[in-house]
Amino acid sequence: MRMGLNRRIPETLFDGHGFGMAYEVDRVLYEMQTEHQHLVLFEHKFFGKMLMLDGATQVTSKDEFIYHEMMTHVPILAHGHAREVLIVGGGDCGIAEEVLKHKSIRRVTQVEIDASVVEFSKEHFPEFTKPVLGNKRFDLVIDDGMKFVAKTERRFDIVIVDSTDPQGPGKVLFSHKFYAACRRCMTNGAIMVTQNGVPIFQPAELTASIAKFRKLFADGSCYLAAIPTYVGGHMAMGWATDNAKLRQAPVKTIAERYKKAGRFATKYWTPEVHVAAFALPRFIAEKVGKARKR
Ligand code: SAM
């Protein structure tokens with residue numbers, strides 16, 4: 001469906017802050033109201049393919065590598081001997097594609113609530129779905145992540161919550177009961193990482209999650225990356241584990257594990273970037289420091 005060049009699609013996530021921006025559309029590739037959310041995929045002259053769910057940018061061809069690499073290689077190489085990985089959300093399969101680069105990972109299970117996000121990603125994000133959907137180490141479950149972690153008998157070394165923001169179907173994925181259910185299906189010393197927003201615009205979202213982590217785990221914190229289309233400077237990724245040493249692993253250790261993992265290609269993640277990502281700027285460190293158990 002060819003649209004007038006001047007259609008502009010707004011990002012509405014930060015309207016509450018009196019801040020908004022819009023992307024000029026070259027071509028709308030796909031648009032629908034699914035059972036769970038409004039989905040639009042369009043071509044943008046600078047960011048390439050852009051997926052938006054309920055007015056929030058999810059993934060773009062231009063900068064997807066930053067988020068996908070930091071949400072996967074950091075927990076997996078910090079852990080050091082992960083075999084079972086659970087992805088909650090992750091519709092477009094960009095996270096699964098990075099996880100499967102680790103040959104030592106025996107099985108990746110993705111629990112996505114909205115089958116249409118995966119369906120349309122087959123056609124529009126083959127760069128993610130092709131290496132994933134045919135892979136025998138990959139399982140796809142269409143279900144609410146909350147229901148899955150509350151009932152599964154399986155146990156996971158890494159849990160990656162690649163969710164939408166805390167609105168609509170994604171809201172429950174920021175709740176105490178969800179984090180507690182994730183903890184129940186994690187092995188000893190396992191790590192959970194979460195998509196946790198942009199601290200400058202969403203500080204309460206981050207501190208609320210970390211406070212909940214600290215009620216359930218020995219170590220609750222976050223690490224950062226700069227992702228251009230998650231506007232607002234730093235993007236925070238929540239971190240929860242019972243092994244507080246894991247996020248203090250030195251560059252040398254991470255570099256050795258990366259070498260053992262075959263030094264697969266990355267465009268953002270390096271052992272140095274990995275370690276530096278846990279060094280929080282003071283304004284974020286102070287918020288994280290105050291995120292107390294309530
Ligand atoms: N990287 C993106 C971000 O940071 O905004 C998220 C990408 S991914 C597309 C988010 C996925 O989470 C979507 O496909 C959405 O359908 C899924 N999702 C939302 N709520 C869910 C739930 N309760 N259980 C499982 N998947 C859910």
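A charge is taken to sit over a ring if NZ of Lys or CZ of Arg is within 6 Å of the ring centre and within 35 degrees of the ring normal. K62 meets this criterion with F46, lying over the ring face at 4.6 Å from the ring centre. R183 does so with F217: its charged end sits over the ring, 5.4 Å from the centre.

The model is predicted; local features need pLDDT of at least 70, side-chain atom pairs count only at pLDDT 80 or more, and totals for chains, interfaces and linings use all residues. Residues are numbered from 1 along each chain as its sequence is written, and side-chain values use heavy atoms, with hydrogens and water left out.

Helices (H or I, at least four residues) and strands (E, at least two) are DSSP runs, numbered from the N terminus. Two strands pair if DSSP finds at least two bridges between them. Strands of a sheet pair through backbone hydrogen bonds, either parallel or antiparallel.

Seven strands make up an open sheet with mixed pairing, in the order β9-β8-β7-β10-β11-β13-β12. Its edge strands are β9 (138–142) and β12, each of which pairs on one side only. On average, neighbouring strands of this sheet are turned by 20° against each other, direction ignored. Axes are lines fitted to C-alpha atoms, for helices over the stretch in contact, and angles run from 0 to 180 degrees between N-to-C directions.

At one edge, β9 pairs with strand β8 (residues 107–112) in the parallel sense over five bridges. There, E112 has I142 of β9 as its bridge partner. At the other edge, β12 pairs with strand β13 (residues 234–241) in the antiparallel sense, over eight bridges. A226 is bridged to H234 in β13. Strand β13 also pairs with strand β11 (residues 186–195), antiparallel and over five bridges. M192 stands opposite A240 of β13.

Burial was assigned from relative accessible area: buried means under 20%, exposed over 50%, and partly exposed in between (1.4 Å probe, protein chains only). Seven of the eight residues of strand β12 (residues 219–226) are buried, so this strand is largely enclosed by the rest of the structure. Strand β13 is mostly covered, with seven of its eight residues buried. Helix α11 (residues 282–290) lies across β12 and β13, and runs at about 155° to β12. Contact means heavy atoms within 4.5 Å.

Four strands form an open antiparallel sheet in the order β3-β4-β5-β6. Here the edge strands are β3 (27–33) and β6 (56–60), each pairing on one side only. Neighbouring strands of this sheet are turned by 20° on average, direction ignored. Strands β3 and β4 run antiparallel and are joined by six bridges. V28 stands opposite F42 of β4.

Aromatic contacts were searched next. Rings of Phe, Tyr and Trp (its six-membered ring) pair if their centres lie within 6.5 Å; planes under 30 degrees apart count as stacked, over 60 as edge-to-face and the rest as tilted. The whole structure holds 17 aromatic pairs. One of them joins Y23 and F42, a tilted pair at 6.4 Å centre to centre with 45° between the planes. This pair links distant parts of the chain: Y23 lies in strand β2 (residues 21–24) and F42 in strand β4 (residues 38–44), 19 residues apart. Both Y23 and F42 are buried. Together with F46 and F47, they form one aromatic cluster. F46 is the ring beneath K62.

A nonpolar core is a set of buried Ala, Val, Leu, Ile, Met, Phe, Trp, Tyr and Cys residues joined through side-chain atoms within 4.5 Å. The largest such core has 53 residues, of which L51, M70, V99, I160, Y223 and W239 touch the most other members. Neighbours within four places in sequence aside, V99 is in contact with T72, I76, V85, I87, I105, V108 and I160. A second, separate core of 33 residues includes V149, F178, C182 and M192.

P169 is found in the loop between β10 (156–162) and α7 (176–184). At 24% relative accessibility, P169 counts as partly exposed. Leaving aside neighbours within four places in sequence, P169 is in contact with H36, Q37 and I113. From F120, P169 is 49 residues away in sequence and 18 Å away in space, C-alpha to C-alpha.
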